[in-house]
Amino acid sequence: MAEGLRERKKRQTRQRISEVATALFVERGFDHVTMAEVAEAAEVSVNTVYNYFGAKEDLVLPPEEASPQRLADMVRARPPGQPAVRAVLEHLREEVRRRERRLGLTAGFGRVLEMMRAAPTLTARLEDLGRQMTDELAACLAQETGAAPEDPLPRVVAWHVGCLHALVFSEIGGRTAAGEDPDDIARAVLGLLDAAEEVLGERMLGYAVRRGDAAGEDGTCSG
């Protein structure tokens, strides 16, 4: 369905606020910029900023891009016949190939990364987000496979996937900080994902194959 005028204006306003805020944070530091200053620079009211972003951290880590459901959603979206871990690998590869903004594969992200690393509230939020992603994925895998509560396998698989996800961001961050070109970083990350797939083993790669039948009962976990 085509985007309406109202929706387009809201999206453009949200994007402008985010871009203005990020520029201010990079210039002066996350902790040295207030929401009121963001509003003034974006030429909107403070209430408007809060209507789009519930917290200051959301300006840097929007909930729709930094969701605890991120890994579980990759698993839920896979087609019938595909195992869970392979679905995550393929999704990450596609994000890298598309140079997704959420991965930081864009010019100028190095300074944004430095700003984030210098802000304790942002680094703490990222660490907590990583734990939540792993927990949500473990719950999803347990639901799909019908694992008993005492079965550790869903948690073990989720932990490996969470570590791989964190490794991808660490690789991008390190190479970005070193000043590498986004295209070179993307090629390196694709190589990293290939290496990870080689060492994970078939037990992991074949775990939690998505079922599917004519009745539409596909066995996937609910969001």
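Me: What makes Val 85, His 160, Val 161, Leu 164, Leu 200 and Met 204 the lining of the largest cavity?

Reply: Lining residues have an atom within 4 Å of a grid point of the space. The grid has 1 Å spacing and covers the protein atoms alone; in a cavity a 1.4 Å probe fits but cannot get out. Those six names line the largest cavity. This is a predicted model: local features need pLDDT of at least 70, side-chain atom pairs count only at pLDDT 80 or more, and totals for chains, interfaces and linings use all residues. Residues are numbered from 1 along each chain as its sequence is written, and side-chain values use heavy atoms, without hydrogens and water.

Me: How many residues of that cavity lining are nonpolar, and what is the rule?

Reply: The split is 5 nonpolar, 1 polar and no charged. Ala, Val, Leu, Ile, Met, Phe, Trp, Tyr, Cys and Pro count as nonpolar, Asp, Glu, Lys and Arg as charged, and the others, Gly among them, as polar. Helix H8 (residues 153-177) gives the largest share of this lining, 3 residues. Helices are DSSP runs (H or I, at least four residues), numbered from the N terminus.

Me: Why is H1 called roughly perpendicular to H6?

Reply: The axes of H1 (residues 5-28) and H6 (residues 109-117) cross at roughly 70° and come within 9 Å. Roughly perpendicular covers 65 to 115 degrees, so H1 qualifies against H6. Axes are lines fitted to C-alpha atoms over the stretch in contact, and angles run from 0 to 180 degrees between N-to-C directions. Contact (heavy atoms within 4.5 Å) is made by Thr 22, Phe 25 and Val 26 of H1 and Arg 111, Val 112 and Met 115 of H6.

Me: What makes H7 oblique to H8?

Reply: H7 (residues 120-145) packs on H8 at about 140°, with the axes 8 Å apart. Under 35 degrees is roughly parallel, and over 145 is roughly antiparallel. The value falls outside these ranges and the perpendicular one, so H7 is oblique to H8. Their contact has 10 nonpolar, 4 polar and 1 charged residues.

Me: How do you know what counts as the largest pocket, with its volume of about 1,400 Å³?

Reply: A pocket is an open set of points with protein on both sides within 12 Å along at least five of seven lines. Volume is the space filled by probe spheres set on the points, joined across faces, edges and corners. This pocket has 45 lining residues; the closest to its centre are Leu 61, Arg 102, Met 116, Leu 126 and Phe 169. By class, the lining has 22 nonpolar, 12 polar and 11 charged residues.

Technical notes:
Helices (H or I, at least four residues) and strands (E, at least two) are DSSP runs, numbered from the N terminus.
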